[in-house]
Structure formats: C-alpha cells, structure tokens
Amino acid sequence: MQEVTFPIRLTYTKTGRAKYISHLDTMRTMTRALRRAGLPLWYTQGFNPHLYLTFLLPLALGTESRCELVDLRLTRKVDFDILAARIDAHLPPGFAVKSVASPVLPAKSIAWAEYQLTLDFGQGEGGEMETAMRALFEQEEIPARKKTKKGEEIVDIRPHCQLIELAASGDRLNLEVRLAAGVSLNIAPKTLIEAFAEAARPPGRVGILRTRVLDERLRDFL
Amino acid sequence: MIFISAEILAGVGLEDKLALVLEKVEKPSRYIGGELNSVVKEPADVRLRFALCFPDLYEIGMSHLGMKILYSLLNERTGVWCERVFAPAADMEDEMRGQNIPLYGLESLEPVGDFDIIGFSLQYELSYTTLLNMLDLAGLPVKSSERPGLTPLVIAGGPCACNPEPLADFVDAFVLGEGEETTVQLADLVVQAKDAGWSKAELLSKAAKIDGVYIPSLYDVSYREDGRVAAITPKDDAPAVVHKRIVADLDSTFFPDRFVVPFTQIVHDRSILEVQRGCVRGCRFCQAGFIYRPIREKAPETLNRDAQNLSASSGYDEISLTSLSTSDYTGLEDLLGLMLPWTKKEQINISLPSLRLDNCSEGLLRQIAEVRKSGLTFAPEAGTQRLRDVINKNLSEEDILGACRAAFAGGYSAVKLYFMMGLPTETMEDIEGIADLAQKVVDTYYQTPDKPKGKGVQVTLSVSCFVPKPFTPFEFEPMDTANQLQEKQKHLLASIRNRKISVKYHDSGTSVLEAALARGDRRLSAVVEAAWKAGSRLDGWGEHFLIKRWEDAFAQCGLEPAFYANRRREYDEVAPWAHLDFGVSRGFLIAEHKRAFAADTTPSCYERCSACGAAKLWGEGRVSPPCRK
C-alpha cells in the first residue's frame with residue numbers, strides 16, 4: 001500500500017561563513033534542522049529508514065547562494081508559511097528560508113543558473129581585466145579544463161556561458177553570468193574563472209554568489 | 001545566552017585573513033565556528049574570556065563530553081565567555097603560520113593570546129606536544145616561567161592531570177578530578193585578580209588554596225642519584241597533598257540542555273548522556289576505574305529529561321548512554337523503558353557503548369536490537385581465566401560465550417573483542433588463549449541453532465598494548481618492551497588458523513612512549529619540549545608520529561624512556577605523583593597488587609566494599625556512602 005505523502009520544495013539561502021560548509025555537511029545540517037523543527041517528516045520505508053531529502057543543484061564549497069533548492073516530503077499537510085517560519089527558526093546562522101512551496105517542475109528541467117562573480121585583481125587592474133573578459137566572451141570558443149570521469153579534458157564552454165553584465169570598479173571586476181546547470185550538463189563558475197585565468201590573468205580573491213536557477217526557457221525554476 | 005548571528009562577525013580582522021586560507025584547506029567548516037548552539041556574547045559585557053582548548057583535531061575534541069559540559073557551564077555565567085579552540089590539522093597550521101594567523105577562539109575569531117584563561121583538556125599523554133604547539137600558535141611562550149603576566153593563565157585538567165608532572169613547566173595550574181566546581185572557582189578568582197591588580201605569583205598562591213587546584217611551581221622536587229624521586233616539598237604555604245574534587249550529586253549538578261552541533265562529521269556525532277561516574281569493578285589495569293571513584297549514578301528520570309532536551313535542541317538521530325560500564329548502571333532497564341517509546345517515534349537510535357559480558361541480559365540485548373542492529377563489542381581483555389583473574393576482570397569463559405550466544409541468537413553475526421597484550425604475569429600461553437577464545441566464539445556461532453541464516457560469522461580481535469598507569473594496582477609494574485610486545489603479536493598471529501578471525505594491533509612504539517609519559521616526573525618537561533621543537537605534534541595520529549624525534553629528545557635530555565616505562569617500582573618508592581590524592585589509598589593499591597600476583601579477585605563495590613579509600617570524597621556528614629548497595 002502506498003502511503004500518501006506531501007511533497008515540499010524548500011528554497012533557502014546559504015551565505016557568509018556558511019559558504020565553507022560542504023555539500024555533504026549541508027545535507028547533514030538540513031536534516032538536523034528539519035528534525036529540530038519537529039515537523040511530520042516522511043522517512044524512507046526500509047531496513048534503515050532515513051529522511052527523504054533531495055538537493056536539486058548541489059553547491060560547491062566556497063560558493064554562496066540565494067536560491068538553494070531542496071525537496072522533501074511530509075506525512076501530513078502543514079501550512080507553507082508555518083513551515084517556512086519553523087524551519088527558518090531552526091537553521092544555523094548563514095542559512096535562511098526564502099520560500100516553501102509545492103514542487104512545480106521536475107528536477108531535470110533545471111537548465112541554467114545565474115551567478116554574481118567578484119574577481120579581485122589588485123593594483124587598479126579592474127579596467128584592463130574588463131576588456132580581457134569582454135574579449136573572452138567575444139571569442140567563438142572558450143576552451144576550458146573540465147573534470148570528467150575519465151580525467152581532465154578541454155571542452156568548449158562558449159555555448160554554455162552567457163555574460164549578462166560586466167563592470168569594473170578599482171581593483172575589482174564584477175560580473176553576472178548565466179551558466180548551463182543541471183544533471184546532464186553543469187558548468188561550474190570556477191571552470192569559467194579558470195578559463196579566464198588561462199586567457200588573461202588569474203584573480204586573487206574570488207567571490208561567487210548563485211542568484212537564480214532557471215529552466216530551459218529562462219523562467220525561474222519552481 | 002546570545003546565539004551567534006553572521007552579522008556580528010562581519011568586519012572582524014581575522015576573518016579577512018581566514019578567507020584567503022579557508023578555501024585551500026581540508027574541511028574548512030572546522031575553523032569558522034558559527035555552528036548551531038555556539039555561544040556569542042558582547043565582549044563589552046564580558047569580564048572573563050575563557051579559551052577551552054582540546055589538544056587534538058576538531059573532530060576529536062568536539063566529541064568529548066567534558067568539553068561540552070564545561071563550555072555550557074561557563075557560558076551560563078554572565079560575565080564569562082567561553083570559546084572552543086582545537087588544534088589545526090597540518091595543512092591549516094601551515095597556512096596559519098604562513099599568513100600570521102594566531103590561534104583563535106571559534107566563537108569570536110579573536111586571538112587566544114588575549115584571553116584570560118586558557119584551559120586544556122588532557123585526555124591522553126600523546127597530546128602533550130600538541131598543547132605546546134597550541135600555546136606557540138597563540139603566540140605565547142610555552143614555559144610558564146616565561147609568561148610573567150597575570151593573564152592568560154594556563155590551566156589543564158582531565159585524567160592525565162592525575163600525574164601532570166611532565167607538563168609541570170608549561171601549565172600554571174592543574175585541576176584535579178571533576179572540573180565543574182573548581183573551574184568556576186578559578187574563573188572567579190581570576191576576575192578578582194584582574195580587578196585587584198594581583199601579580200601572577202599572588203594569583204597562583206591564592207589558587208593553591210582552592211581544593212583540587214595543583215600549582216606545580218609551588219613544589220620542589222629532588223632526585224636520588226639513580227634518578228628516582230627523593231622528595232616533593234611544598235613551598236610557602238602550599239598544601240602538602242592536593243586532593244581531587246568530585247561532584248557529589250549528579251542529579252542536581254549542571255548538565256547541558258544543548259550541544260554545539262558541528263557541520264562536519266565528528267567522531268561521536270550524537271547526543272551523549274552520562275548515566276554514572278566511576279565504576280564498581282576495579283579491573284586492575286584500568287586507570288579510569290580507580291581515578292573516577294566513587295560510583296555515582298544519575299536517576300533515570302533526570303537522564304530521560306536530558307535526552308529529550310538534547311534531542312530537541314540538536315536534531316541528532318542517536319543518543320549514546322555512556323559511562324565506564326553502562327550495563328552496571330542499576331537504572332538501565334528503567335531508563336530504556338522511559339526512552340524507547342519517544343525515541344522510536346522520533347527515529348532516534350540508542351547506543352550502549354560499554355556493556356559487560358556477564359550482565360548484558362537477553363532482554364537488554366533484545367531491547368537494543370529493537371532499535372538498530374550494529375556490531376557488538378565485548379572486552380574480555382585477556383585470553384585465559386588465570387590472567388583474567390590477575391587483572392580482576394571477573395569474567396568467566398561461560399560469561400563470554402554465553403553473551404556471544406545470546407547475541408548470535410538475537411541476529412548478530414559480527415562481534416569485536418578487545419584484548420590487551422603485555423599484562424603482568426602474562427606468558428605465551430595466555431597469548432595462545434586469545435586465539436583459542438576467538439575460535440570458541442566462532443564455534444559458538446555455528447552451534448547456535450537460531451543464528452542468522454546464510455551468514456558467516458566475523459570475529460575481530462582488537463589487541464592493544466597494556467600501559468601501566470598511576471593510581472592503579474599495576475603502577476608498580478614494568479611495561480613490556482617494544483620488542484617483547486612485537487614478539488607476542490607475532491605469536492598471536494601464528495596461533496590463529498581461521499580466516500573468520502581478524503586481528504588489529506596498536507603500535508607498540510607509541511604505547512611505550514605513553515607509558516614513559518604516564519608515570520614520568522617533571523624532568524620530562526624538557527623532553528616534551530625538545531620533541532615538540534623537533535616537530536612533534538598530533539602524536540596520536542600515526543601519520544604524524546615519529547618515534548625517532550622522541551628518542552632523540554630523551555637522549556638530548558640525558559634521560560631514558562625505559563627508566564620510566566620498563567622498570568619495576570618498589571612499594572616504598574616516592575612516585576612523581578605522591579603529593580596528589582585521588583581518593584584511592586596507596587595501601588589499597590599495594591594490597592590489590594599483591595592479590596593480582598596471587599590471582600585473587602576482588603568483588604565489585606556492589607557486592608562488598610573493599611575500603612579503597614574513595615568514600616572519603618563524599619565528605620564529612622555522609623555516613624553511608626551509596627557506593628554500597
């Protein structure tokens with residue numbers, strides 16, 4: 001007999017010092033927060049029942065995010081606002097609930113993610129690097145090292161990267177990019193930054209913030 | 001308590017430097033604090049900053065219950081802010097030294113060197129060099145005499161403080177016994193000292209008057225020509241003997257209702273309850289069994305309340321019922337009766353890490369199995385009945401096989417058995433006895449009709465090296481040399497002829513060093529310092545330990561590890577810890593030593609009081625100590 005469960009999609013932010021928490025540790029953190037919140041959580045039915053939790057687009061260590069998505073199931077219906085408040089109250093600093101909703105799209109519909117990148121070059125070189133970045137995106141191909149199962153290979157990431165905005169300020173280069181994301185094809189911001197480093201110069205400090213997750217038609221993934 | 005918010009830390013100086021290194025090191029979440037339930041206070045409201053240090057990695061130190069108790073206890077006090085500090089792993093240490101990042105508290109990210117009290121937990125001898133390394137990373141001289149200022153005051157406690165002499169040069173004050181009350185008194189005294197502008201000497205002389213506080217610099221130690229201690233003489237009005245402290249009533253004493261919940265996985269990543277302190281058994285090799293006396297139990301109702309608090313505040317899915325011997329806890333079935341209904345509903349597992357073979361009933365096994373089947377671990381400690389009597393383990397072969405039979409019938413197919421090698425009076429026959437016993441456990445499995453179907457049995461032997469420790473009846477005994485131990489290891493391997501039995505060993509080199517430090521005098525401070533200067537730290541980790549550095553350090557100081565580790569000590573020899581009292585009398589230890597050699601056993605405290613002397617710790621006015629049932 002199949003029991004009735006209520007699927008929930010939680011969107012949360014992970015910022016500040018929380019960026020140093022790895023994906024595996026984030027899963028543990030979220031599990032414990034949900035348990036502390038005292039919710040009617042659904043556990044997988046088996047020899048070793050465990051909390052059903054699916055992170056839709058795992059975040060790399062060192063990256064902040066405004067739009068992390070996780071799916072879970074409840075054994076009975078709870079008002080979304082109450083859920084959001086309860087979970088938020090039990091998350092550690094650096095994590096905050098943005099919204100709770102019923103999932104609309106399946107995980108495989110994720111196609112793009114947008115990021116804000118801050119690259120620090122020092123010595124007032126922001127302007128020069130802005131030119132180099134524009135040049136990179138004007139190339140027909142952007143060769144980049146990508147880790148695959150077989151090892152490392154050079155791939156062209158040009159079709160999977162879009163430059164939305166670019167501005168230099170002093171030492172820094174601020175940019176917004178849209179990168180292919182999802183299960184089958186995923187371009188990490190670091191891959192793009194490394195491609196730039198090869199073409200121009202490696203930045204010093206780097207800040208990465210994931211801002212949006214989108215579907216094929218560039219609608220917010222819900 | 002005020003709980004951390006990310007904004008508080010924005011703009012902190014160290015954080016900018018840390019940002020540069022944290023992306024380069026392994027498991028950076030160990031170094032940023034901000035965990036749930038960590039405590040952040042407003043520095044302006046705080047009169048005393050306390051750095052609670054564990055001289056090992058985050059994963060180890062965060063697993064330790066004593067740290068959790070002291071952390072919460074100190075932070076309960078307004079005016080005191082206690083922060084956690086752990087040893088950085090090698091990659092982080094390199095980065096810290098490279099970027100000039102001093103050792104910092106995880107809550108404030110502020111340098112430990114600016115704190116008022118730096119308190120270390122001493123759980124094992126091999127952490128001593130790490131203590132020195134942490135002081136150095138904090139930018140402080142490692143030697144107490146080279147830190148003339150009032151603060152930071154460097155203190156240390158924990159089981160190794162029962163013979164803290166090898167650390168006498170580095171630590172200003174030791175806390176003997178259970179630290180809940182003493183640590184708070186010391187903290188109050190330091191506040192008073194700061195307000196009144198005392199000198200460090202004034203503070204130490206006043207601290208020496210607190211019961212349970214030992215100030216090593218207030219004692220002179222003289223030596224005989226052969227290197228043995230001649231006399232330990234108190235200076236000024238320091239007490240001739242310092243007594244350890246205990247907490248008399250565990251039900252009314254402080255216990256945290258929340259643990260700091262780490263992001264990264266730690267060794268014991270679960271709620272921990274302490275069902276009792278002390279142990280009634282008196283196994284003669286076991287230091288904990290003597291230095292934590294007398295037995296004190298906590299009521300099942302108190303424990304159930306603690307368990308509910310911890311589960312609600314942590315979200316942990318496991319609760320461990322710890323003590324030196326949890327199946328001796330008389331309230332165990334009542335406690336499980338209280339806990340099982342709600343833990344089952346909330347998908348929480350109960351784990352019982354320290355069960356004895358002779359009183360682990362079938363009913364109890366069934367209760368545990370109801371929650372989850374993991375491996376079972378038992379500790380026969382020795383392979384023959386004769387040797388088990390020598391060490392007063394009070395276990396028969398039938399106890400061992402009977403418990404295994406019950407476990408197999410209950411669905412278990414793997415058992416782990418703990419043994420020791422190098423026990424006093426041990427012969428090769430006793431070593432063969434380990435192999436024989438393991439074989440009998442295998443046979444028992446196949447003779448059990450309701451054993452798990454279609455599964456083979458797995459018997460794992462974990463064999464450690466016996467290390468004689470202070471305040472045990474074996475404190476007089478020589479330890480086996482590394483060569484003797486290696487020979488016994490070889491002999492055991494040769495005696496095992498069944499592939500269902502596997503063996504794990506402990507390194508004999510680290511054990512001999514542990515033995516030398518455990519019963520060492522304060523001349524070993526120079527050895528510890530030399531070993532640290534040569535690069536020793538995190539010695540408990542195989543990948544960092546280098547015996548050569550220690551051998552050189554001993555040679556450099558004109559001392560021999562064998563003098564401390566492998567020498568028989570006479571009953572009338574002045575022990576380096578002779579001025580410290582842990583309750584159990586020396587007369588009792590001598591009597592127990594003699595009984596060991598006659599293979600005479602001593603019953604548990606519950607069967608008969610053996611007048612060990614620890615009952616006096618209850619203090620006056622307690623006529624009938626409850627260690628007798």
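Which residues in α13(B) meet which residues in α14(B)? The legends below start with that contact, and every view comes from a predicted model.

**View 1. Helices α13(B) and α14(B) pack against each other.** On one side of the contact are B:Glu397, B:Ile400, B:Leu401, B:Cys404, B:Arg405 and B:Phe408 of α13(B), and they meet B:Leu437, B:Lys440, B:Val441, B:Thr444 and B:Tyr445 of α14(B). To describe two packed helices, we give the angle between their axes and the distance between the axes. Here, α13 (residues 397-409) and α14(B) pack at about 35 degrees, with axes 9 Å apart. The crossing of α13(B) and α14(B) is right-handed.

**View 2. Helix α14(B) also packs with α15(B).** Look along α14 (residues 428-447) of chain B to find this second partner: the angle with α15(B) is about 45 degrees, and the axes are 9 Å apart. Angles from 35 up to 65 degrees count as oblique, so α14(B) and α15(B) are oblique to each other. Their crossing is right-handed. From α14(B), the contact uses B:Met428, B:Ile431, B:Glu432, B:Ile434 and B:Ala435, while α15(B) brings B:Glu487, B:Lys488, B:His491, B:Leu492 and B:Ser495.

**View 3. Aromatic rings pair up in this model.** Over all chains, the count comes to 15 aromatic pairs. One of them joins B:Phe471 and B:Phe582, a tilted pair with 5.0 Å from centre to centre and 45 degrees between the planes. This pair links distant parts of the chain, 111 residues apart. You can find B:Phe471 in the loop between β17 (458-465) and α15 (482-495) of chain B, and B:Phe582 in the loop between β19 (580-581) and α20 (586-597) of chain B. Both B:Phe471 and B:Phe582 are buried.

**View 4. B:Phe563 and B:Tyr564 form an edge-to-face pair.** Their ring centres lie 5.0 Å apart and their planes are at 90 degrees; planes over 60 degrees apart count as edge-to-face, so this pair earns the name. Are these two residues buried or exposed? Buried means under 20% relative accessible area, so B:Phe563 at 19% counts as buried, and so does B:Tyr564 at 1%.

**View 5. Three rings form a cluster, and two charged ends sit over rings.** Ring pairs link B:Phe174, B:Tyr214 and B:Tyr219 into a cluster. In chain A, the charged end of A:Arg73 sits over the ring of A:Tyr52, 4.4 Å from its centre. In chain B, the charged end of B:Arg84 sits over the ring of B:Tyr71, 5.6 Å from its centre.

**View 6. Two cis peptide bonds come before prolines in chain B.** The first to look for joins B:Thr151 and B:Pro152, with omega about -5 degrees. Here B:Pro152 lies in the loop between α5 (128-137) and β4 (153-157) of chain B. Another cis bond joins B:Arg293 and B:Pro294, with omega about -5 degrees. B:Pro294 lies in the loop between α8 (287-291) and β12 (296-297) of chain B.

**View 7. B:Asn37 and B:Asn392 have positive phi values.** Phi of B:Asn37 is near 75 degrees, in a residue other than glycine. Find B:Asn37 in the loop between α1 (13-22) and β1 (48-54) of chain B; its relative accessible area is 10%, so B:Asn37 is buried. For B:Asn392, phi is near 60 degrees. B:Asn392 is in the loop between α12 (385-390) and α13 of chain B, and is buried, with a relative accessible area of 0%.

How values were computed:
Residues are numbered from 1 along each chain as its sequence is written. Chains are lettered from A and ligands numbered from 1 in the order in which they are written. This is a predicted model: local features need pLDDT of at least 70, side-chain atom pairs count only at pLDDT 80 or more; totals for chains, interfaces and linings use all residues. Side-chain values use heavy atoms; hydrogens and water are left out. Rings of Phe, Tyr and Trp (its six-membered ring) pair if their centres lie within 6.5 Å; planes under 30 degrees apart count as stacked, over 60 as edge-to-face and the rest as tilted. Helices (H or I, at least four residues) and strands (E, at least two) are DSSP runs, numbered from the N terminus. Buried means under 20% relative accessible area, exposed over 50%, partly exposed in between (1.4 Å probe, protein chains only). A charge sits over a ring if NZ of Lys or CZ of Arg is within 6 Å of the ring centre and within 35 degrees of the ring normal. Axes are lines fitted to C-alpha atoms, for helices over the stretch in contact, and angles run from 0 to 180 degrees between N-to-C directions. Angles under 35 degrees count as roughly parallel, over 145 as roughly antiparallel, 65 to 115 as roughly perpendicular and the rest as oblique. A crossing is left-handed if the near helix is turned anticlockwise from the far one by less than a right angle, and right-handed if clockwise. Contact means heavy atoms within 4.5 Å.
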